[in-house]
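Subject: Structure for your review

Dear colleague,

Please find below the sequence and structure that I am handing over to you. My notes on what was found follow directly after it.

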Amino acid sequence: MAQLLCVDFGSTFTKAALVDSSGEVVATAATPTTIGTDVLDGYRLLREQLDVHGVVDEVLACSSAGGGLRLTVVGYEREVTAQAGYRVGLSAGARVSHLVAGPMSGADLAELRATRPDLVLLVGGTDGGNAEVLLHNASRMARARLGAPVVVAGNREAQAEVAEALESTGRRFTLADNVLPSIGVIAPESARAAIRAAFLEHVIGGKGLSRGPEFAAMVQAPTPDAVLDGVEVLAEQLDGDVMVVDVGGATTDVYSALRPQGEDAGLAKDVVAPLWQSRTVEADLGMRWNAVGVVEAAAREHVDVPEGLEAYAARVAADPAHLPVDAVERGHDLALARAAALVAVRRHARPSGPGASARPLADVAVVVGSGGVLRHADEDGRAHVLGAVATDHAGGWKVPRAAAVVTDAAYLLFAVGLLRSSHPDTARALARAVVGEHGRHPSEVAAPGR
């Protein structure tokens with residue numbers, strides 16, 4: 001039976017899951033990501049740990065090392081095409097570091113350059129609609145001192161002229177289908193594929209993370225892109241809606257894979273229709289680098305936190321490598337995770353802007369937790385954090401009616417996503433292993449805030 005090694009080169013840790021082709025987990029391992037030397041130094045340490053389990057037949061990898069994929073979105077109107085591009089960029093695994101709306105000025109270009117994006121997503125206009133702003137922005141970018149490649153995903157009738165402008169100055173670019181072909185319709189697939197391809201071609205090889213070609217040949221996708229693929233497989237296996245809350249040291253990411261039903265299926269009435277497979281990133285909600293931001297956000301949301309958490313948050317923000325040393329600090333870590341998860345899910349669920357609808361999460365069958373704090377907590381601690389999310393009736397969104405809560409304790413969702421295309425049966429079996437018997441129901445969990 002073939003053995004498949006799935007590797008995530010993370011910003012802090014490199015994680016590996018060795019699985020066989022039946023979906024059985026053979027072993028897992030982790031080591032600090034060796035950004036300071038060569039990312040493959042840490043990878044080789046993992047291989048040494050896993051060599052005792054026999055021959056590895058294939059390696060599949062994703063990466064967010066070196067900051068992952070920094071994306072700038074340039075659109076026509078902030079609440080329409082720019083918003084569509086922003087959502088698609090997040091779903092493709094990017095960290096959207098900057099957003100420009102309207103005809104770019106010289107100051108806009110200077111600000112764009114200052115953000116040092118790895119990639120620019122240029123959108124604007126529905127098909128057959130306004131082309132003036134898209135052409136203007138393409139012309140400005142063609143003449144700008146900008147090294148990042150461009151993915152063009154705007155008005156298809158204007159794409160030939162956009163390509164001509166970019167090509168005239170040697171700008172690297174890729175054409176994709178319009179992310180907003182008409183009002184109320186969002187089409188992410190083509191742009192998402194183009195962003196992934198550009199990430200592999202220009203970003204992975206261009207960050208200087210490894211000296212040789214092996215790393216670039218190994219990596220298939222940005223890590224968040226692979227995780228979203230894994231969430232989609234999980235939803236298919238459960239035949240139901242899924243939400244994943246990944247509480248990290250720098251950000252808290254929320255993923256959801258939904259099947260529109262009833263009145264929800266008519267949300268195309270929104271100016272920018274929802275992405276049914278979606279990811280949001282909260283850069284102010286991190287367990288370490290942004291711990292103070294978690295406490296501040298909790299106060300704004302009227303989320304109760306225990307006494308002493310503010311001081312603890314300041315301490316770990318000053319020393320992000322700090323790990324809890326006793327029961328009190330472990331409790332503070334769980335309190336930070338609970339607050340970060342609650343605020344992040346509220347932001348994910350609420351309307352994204354004027355004229356938008358709330359995300360329909362009432363039918364979510366399973367809430368999955370991820371992140372080091374949950375993986376290292378005991379079962380009651382995990383369920384307390386996730387149960388707070390699943391019973392957040394004060395949060396201004398429709399909570400799941402009957403969701404179970406589980407933790408991706410072995411960190412397998414990224415591997416499910418990596419295996420989805422080339423080994424679909426293995427991916428499906430591994431997805432079922434993530435949720436087991438669907439974990440615990442929130443009614444079994446201590447009330448949030450206790």
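In this predicted model, helix 9 (residues 291-300) packs against helix 11 at an angle of about 60°, and their axes lie 9 Å apart. An angle of that kind falls in none of the parallel, antiparallel or perpendicular ranges, and the two helices are therefore oblique to each other. Helix 9 passes helix 11 in a left-handed crossing. On the side of helix 9, the contact is formed by Ala 291, Val 294, Val 295, Ala 297, Ala 298 and Arg 300. Helix 11 contributes Leu 336, Ala 339, Ala 340, Val 343 and Arg 347. By class, this contact comprises nine nonpolar residues, two charged residues and no polar ones.

Helix 11 also packs against helix 13 (residues 379-390), here at an angle of about 25° and with the axes 8 Å apart. Angles under 35 degrees count as roughly parallel, so helix 11 and helix 13 are described as roughly parallel to each other. Their crossing is right-handed. From helix 11, the residues in contact are Leu 334, Ala 337, Arg 338, Ala 341, Leu 342 and Val 345. They meet Gly 381, His 384, Val 385, Ala 388 and Val 389 of helix 13. The residues of this contact divide into eight nonpolar, two polar and one charged.

Helix 11 (residues 327-349) has a further set of partners, in a sheet: it lies across strand 11, strand 12 (252-257) and strand 13, and runs at about 50° to strand 12. The sheet in question is open and has five strands in the order 13-12-11-14-15, with mixed pairing. Its edge strands are strand 13 (277-282) and strand 15 (404-407), each of which pairs on one side only. The twist averages 15° from one strand to the next. Within the sheet, strand 11 (residues 241-247) and strand 14 (residues 364-370) pair in the parallel sense over six bridges. As an example of the register, Met 243 has Val 367 of strand 14 as its bridge partner.

A further open sheet of five strands, again with mixed pairing, has the order 3-2-1-4-10. Strand 3 (25-32) and strand 10 (219-222) stand at its edges with a single partner strand each, so one side of each is left without a neighbour in the sheet. Neighbouring strands here are turned by 20° against each other on average, direction ignored. Strand 1 (residues 3-9) and strand 4 (residues 58-63) run parallel and are joined by six bridges. The bridge partner of Leu 5 in strand 4 is Val 59.

Two helices lie across strands of this sheet. Helix 1 (residues 39-50) lies across strand 1, strand 2 (13-20), strand 3 and strand 4, running at about 145° to strand 3. Helix 8 (residues 223-238) lies across strand 1, strand 4 and strand 10, and its direction is at about 85° to strand 10.

Finally, a word on confidence. The mean pLDDT of the protein is 90, and 93% of its residues reach 70 or more. Over residues 445-450, however, pLDDT stays under 50; for this stretch the model has 13 contacts beyond four places in sequence. Where pLDDT is low, the predicted coordinates should not be read in detail.

With kind regards

Technical notes
Residues numbered from 1 in each chain as written. Predicted model: local features only at pLDDT ≥ 70, side-chain atom pairs only at ≥ 80, totals over all residues. Heavy atoms only, no water. Pairing = 2+ DSSP bridges. Helix = DSSP H or I, 4+ residues; strand = E, 2+ residues; numbered from the N terminus. Axes fitted to C-alpha atoms, helices over the stretch in contact; angles between N-to-C directions. Contact = heavy atoms within 4.5 Å. pLDDT = per-residue confidence, 0-100. Parallel < 35°, antiparallel > 145°, perpendicular 65-115°, else oblique. Left-handed = near helix turned anticlockwise from the far one by under 90°. Nonpolar A, V, L, I, M, F, W, Y, C, P; charged D, E, K, R; others polar.
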